[in-house]
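Student: Please take me through one part of this model in close detail. I would like one connected answer.

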Amino acid sequence: PDPGTLASVLTEGVKNTIGDSRVKVTYEPEYVPAVPPAMPDIPPEQLAGMIKATVKVEVLDGNIAYLKIQHIIGEEMAQKVGPLLLEYIWDKVLPTSAMILDFRSAVSGELSGIPYIVSYYTDSEPLIHIDSVYDRPSDITTELWSMPTLLGKRYGTSKPLMILTSKNTLGVAEDVAYCLKNLKRATIVGENTAGGTVKIDKIKVGDTDFYVSVPVAKSINPITGKSWEIDGVAPHVEV
């Protein structure tokens, strides 16, 4: 008689059957699919305000940059607010001797943002194959490569880079951490990450208010031949 309880029972059954904690059954009579706002309608200043709200920037004692990132922006937004990003964030941290990227609260992001972030900590040449993402609905595999040109200067490959993770670090941020870890460019400090996915679809079950959330894409790292999904990214230093 209670749809919420039924959804919980179904979720447990699915988890026990396929061993994938990312698959969930939910009962949501009020659910409306989120539609991302059209980019051109938002002025750059407003976009910059949104980014400032999700990024915290500090230079700590010892000339160490600290960047707390909650959402990894995609290529389209990065192009639009690039000059503001350089002024507000990058120009402040570029002269530092080492950097801490705090991904402990990073739970969302755009796939196209992965090459952007990784490229700032690698050389312009040779280009590096960072990741491959297989999208099941379209049956297309997209290769993500480092970028030869970027807005502003690169942080480079020699200065120490640490990434802070938690059990809440989810999705695209996990991908960035896994890529930089396996390129041996970053030291991961913190907890094992959530083991999410790069893309989840919410599928309506027939003519009901039940939905199934299911991963529809898979990240495959070219160095390890494996994915960080389900198991998460293990830190070098567990805290």
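**A pocket and the strand beside it in sequence**

Tutor: The second largest pocket has a volume of about 210 Å³. Keep in mind that this is a predicted model. The lining of this pocket consists of D20, R22, Y134, R136, P215, V216, A217, K218, S227, E229 and I230. By class, that lining divides into 5 nonpolar, 1 polar and 5 charged residues.

Now take two of the lining residues, A217 and K218. Both belong to strand 13, residues 217-220. Side chains alternate along this strand. A217 and S219 point to one face and are buried. K218 and I220 point to the other face and are not buried.

Strand 13 has a partner. Strand 7, residues 129-135, runs antiparallel to strand 13, and 4 bridges join the two. In one of these pairings, S132 has I220 of strand 13 as its bridge partner. Strand 7 spans residues 129-135, and Y134 is among the residues that line the second largest pocket.

For context, turn to the largest pocket. About 1100 Å³ of space lies in it. Of its 40 lining residues, H71, S108, G109, E110 and V198 are the closest to its centre. Helix 2 gives the most to this lining, with 4 residues. The lining of the largest pocket divides into 19 nonpolar, 12 polar and 9 charged residues.

Methods. Residues are numbered from 1 along each chain as its sequence is written. This is a predicted model: local features need pLDDT of at least 70, side-chain atom pairs count only at pLDDT 80 or more; totals for chains, interfaces and linings use all residues. Side-chain values use heavy atoms; hydrogens and water are left out. Buried means under 20% relative accessible area, exposed over 50%, partly exposed in between (1.4 Å probe, protein chains only). Two strands pair if DSSP finds at least two bridges between them. On a 1 Å grid over the protein atoms alone, a cavity is a set of points where a 1.4 Å probe fits but cannot get out, and a pocket is an open set with protein on both sides within 12 Å along at least five of seven lines; lining residues have an atom within 4 Å of a point. Grid points are joined across faces, edges and corners, and a volume is the space filled by probe spheres set on the points. Ala, Val, Leu, Ile, Met, Phe, Trp, Tyr, Cys and Pro count as nonpolar, Asp, Glu, Lys and Arg as charged, and the others, Gly among them, as polar.
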